[in-house]
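This report walks through the fold of one protein chain, going from the overall arrangement of its strands to individual residues. Please keep the sequence and the model in view while reading.

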Amino acid sequence: MAPKKGKKRENIALQCTACKLKNYTTTKNKRTMPKKFEITKHCSNCNAHTLHRETKV
Ligand SMILES: [Zn+2]
């Protein structure tokens, strides 16, 4: 059973840009989202909403 082609989802981690903690993990489709992904999320370490950036898990 070979895995289906064309549905490559990549595991990524969302890292707080303030404290560098990896707070979230998610998957993204490299085809639809070729650029680096940035989102404002709550960081439990900073106890505030900070910018999180895509990084490797
Ligand atoms: Zn933080």
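The secondary structure of this chain comes to zero helices and four strands, and the elements therefore follow the order β-β-β-β when they are read from the N terminus on. The model is a predicted one, and the description below should be read with that in mind. Buried residues make up 11% of the 57 residues in the chain. Among the contacts with a separation of 6 or more, 45% join residues that lie 24 or more positions apart.

**The sheet**

In what order do the four strands stand in the sheet? They form an open sheet with the order E2-E1-E4-E3, and the pairing is antiparallel. Strand E2 (22-29) and strand E3 stand at the edges, and because each has a single partner strand, one side of each is left without a neighbour in the sheet. From one strand to the next, the twist averages 40 degrees.

The pairings can be set out strand by strand, together with bridge partners that serve as landmarks when the model is inspected. Seven bridges join E1 to E2, and these two strands run antiparallel; within this pairing, the bridge partner of Leu14 in E2 is Tyr24. Strand E1 (residues 9-16) is also joined to strand E4 (residues 48-55), here by four bridges and again with an antiparallel course. In this second pairing, Ala13 stands opposite Thr55 in E4, while Cys16 stands opposite His52 in E4. Strand E3 (residues 38-43) is joined to E4 by six bridges, and these strands too run antiparallel. Here Ile39 has His52 in E4 as its bridge partner, and Cys43 has Ala48 in E4. His52 is thus a bridge partner of Ile39 and also stands opposite Cys16.

**The two hairpins**

E1 and E2 form a hairpin with five residues between the strands, in which Lys20 takes a positive phi near 70 degrees. Lys20 lies in the loop between E1 and E2, and its phi is a positive value in a residue other than glycine. E3 and E4 likewise form a hairpin, with four residues between them, and in its turn Asn47 has a positive phi of about 55 degrees. Asn47 lies in the loop between E3 and E4, and it is not a glycine either, although its phi is positive.

Are these loop residues, and the two further residues taken up below, buried or exposed? The table lists for each residue its place, the number of other C-beta atoms within 10 Å, and the resulting class.

| Residue | Place | C-beta neighbours within 10 Å | Class |
|---|---|---|---|
| Leu14 | strand E1 | 22 | buried |
| Lys20 | loop between E1 and E2 | 10 | exposed |
| Asn47 | loop between E3 and E4 | 8 | exposed |
| Val57 | segment after E4 | 11 | exposed |

The classes follow from cut-offs: a residue is buried if 20 or more other C-beta atoms lie within 10 Å of its own, and exposed if 12 or fewer do so. Leu14 is therefore counted as buried with its 22 neighbours, whereas Val57, with 11, is counted as exposed.

**Leu14, a buried residue of E1**

Which residues does Leu14 touch, once those up to four places away in sequence are left out? They are Lys22, Asn23, Tyr24, Thr26, Ile39, Lys41, His52 and Glu54. Tyr24 is also the bridge partner of Leu14 in E2. Ile39 is 25 residues apart from Leu14 in sequence, yet the C-alpha atoms of the two are 8.4 Å apart in space.

**Val57, after the last strand**

Val57 has its place in the segment after E4, and although it counts as exposed, it does have contacts with residues distant in sequence, as its pairing with Asn11 shows: the two are 46 residues apart along the chain, and their C-alpha atoms are separated by 6.7 Å. Leaving aside neighbours within four places in sequence, Val57 is in contact with Asn11, Ile12, Ala13 and Thr25. One of these, Ala13, is the residue that stands opposite Thr55 in E4.

Note on methods
Residues are numbered from 1 along each chain as its sequence is written. This is a predicted model: local features need pLDDT of at least 70, side-chain atom pairs count only at pLDDT 80 or more; totals for chains, interfaces and linings use all residues. Two residues are in contact if their C-beta atoms, placed from the backbone, lie within 7 Å. Two strands pair if DSSP finds at least two bridges between them. Axes are lines fitted to C-alpha atoms, for helices over the stretch in contact, and angles run from 0 to 180 degrees between N-to-C directions.
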